[in-house]
Amino acid sequence: MAPETRSYRLAIAILSDTDALSPTILELVESGFSHDQLNVAALAPTWSRIAALPRPAEAGQEHLVPLVARLQQLRLDGHPLLVTPGPLFEAIGQEAGGQASEPELATWMSPALRSDLIQHIRDGAVILCANAASVQQQLSSTRTLLRHTSHRVQTHEFTITR
């Protein structure tokens, strides 16, 4: 059997202003991203400031419903960490006691970046990762993320073979 190869084109933003998450997700979805292409990570208290959990649709945040439905809970420093499955979960989930479902995917993030993102999460930020299907979509997501964050946006492109 031939090995399976998957490519990833990620754009990652730190959203310290949690009010920016909802409009950023909406803009990404309207530009063609599916919710499966978006990964988020934040502490549970941060999420409670973002979305009217557990029913975001009732608060006019229908575009968050598919994302909220995919949230998985881990623990970070004894606090609930909510993360959606995907490259972001695989890379930082182990730090929070999670088990990588795709161990090959867990290795893409450098320890320095992982530490930096986790510190931002501890400080109350949301990490948003867009996994683009094409170079053009990655450029589009990077521009969108830059419009909504006061931090840098990092891009990563890599291939995993299993």
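## Briefing: helix α2 and the α1–α6 pair

T46 sits in helix α2, which covers residues 44–50. The model is predicted. T46 is buried, and its relative accessible area is 2%. W47 also lies in helix α2. W47 is buried too, at 0% relative accessibility.

**Helix α2: T46 and W47**

- T46 counts as buried because its relative accessible area of 2% falls under the 20% limit.
- Beyond its neighbours within four places in sequence, T46 touches T18, G124, A125 and V126.
- A125, one of those contacts of T46, also serves as a distance marker for W47.
- The C-alpha atoms of W47 and A125 lie 9.6 Å apart in space.
- Along the sequence, 78 residues separate W47 from A125.
- W47 has a relative accessibility of 0%, so the residue counts as buried under the 20% cut-off.

**Helix pair α1 and α6**

- Helix α1 spans residues 21–30, and helix α6 spans residues 135–148.
- Their axes come within 10 Å and cross at roughly 160°.
- That angle makes α1 roughly antiparallel to α6, because angles over 145 degrees are classed that way.
- The crossing of the two helices is right-handed.
- On the α1 side, the contact is made by P23, T24, E27 and L28.
- On the α6 side, S141, T144, L145, R147 and H148 make the contact.
- By type, the contact residues of α1 and α6 divide into three nonpolar, four polar and two charged.

**Fold of the chain**

- The chain holds six helices and six strands.
- Read from the N terminus, the order of elements is β-α-β-α-α-β-β-α-α-β-α-β.
- Contacts across the sequence: among those with a separation of 6 or more, 71% join residues 24 or more positions apart.

**Burial and surface**

- The chain has 162 residues, and 51% of them count as buried.
- T46 and W47 are both buried.
- The exposed area of the chain is about 7,600 Å².
- Carbon and sulfur atoms supply 51% of that exposed area.

How values were computed. Residues are numbered from 1 along each chain as its sequence is written. This is a predicted model: local features need pLDDT of at least 70, side-chain atom pairs count only at pLDDT 80 or more; totals for chains, interfaces and linings use all residues. Side-chain values use heavy atoms; hydrogens and water are left out. Helices (H or I, at least four residues) and strands (E, at least two) are DSSP runs, numbered from the N terminus. Buried means under 20% relative accessible area, exposed over 50%, partly exposed in between (1.4 Å probe, protein chains only). Contact means heavy atoms within 4.5 Å. Accessible areas come from the Shrake-Rupley method with a 1.4 Å probe; for residues, only the protein chains shown count as cover. Axes are lines fitted to C-alpha atoms, for helices over the stretch in contact, and angles run from 0 to 180 degrees between N-to-C directions. Angles under 35 degrees count as roughly parallel, over 145 as roughly antiparallel, 65 to 115 as roughly perpendicular and the rest as oblique. A crossing is left-handed if the near helix is turned anticlockwise from the far one by less than a right angle, and right-handed if clockwise. Ala, Val, Leu, Ile, Met, Phe, Trp, Tyr, Cys and Pro count as nonpolar, Asp, Glu, Lys and Arg as charged, and the others, Gly among them, as polar.
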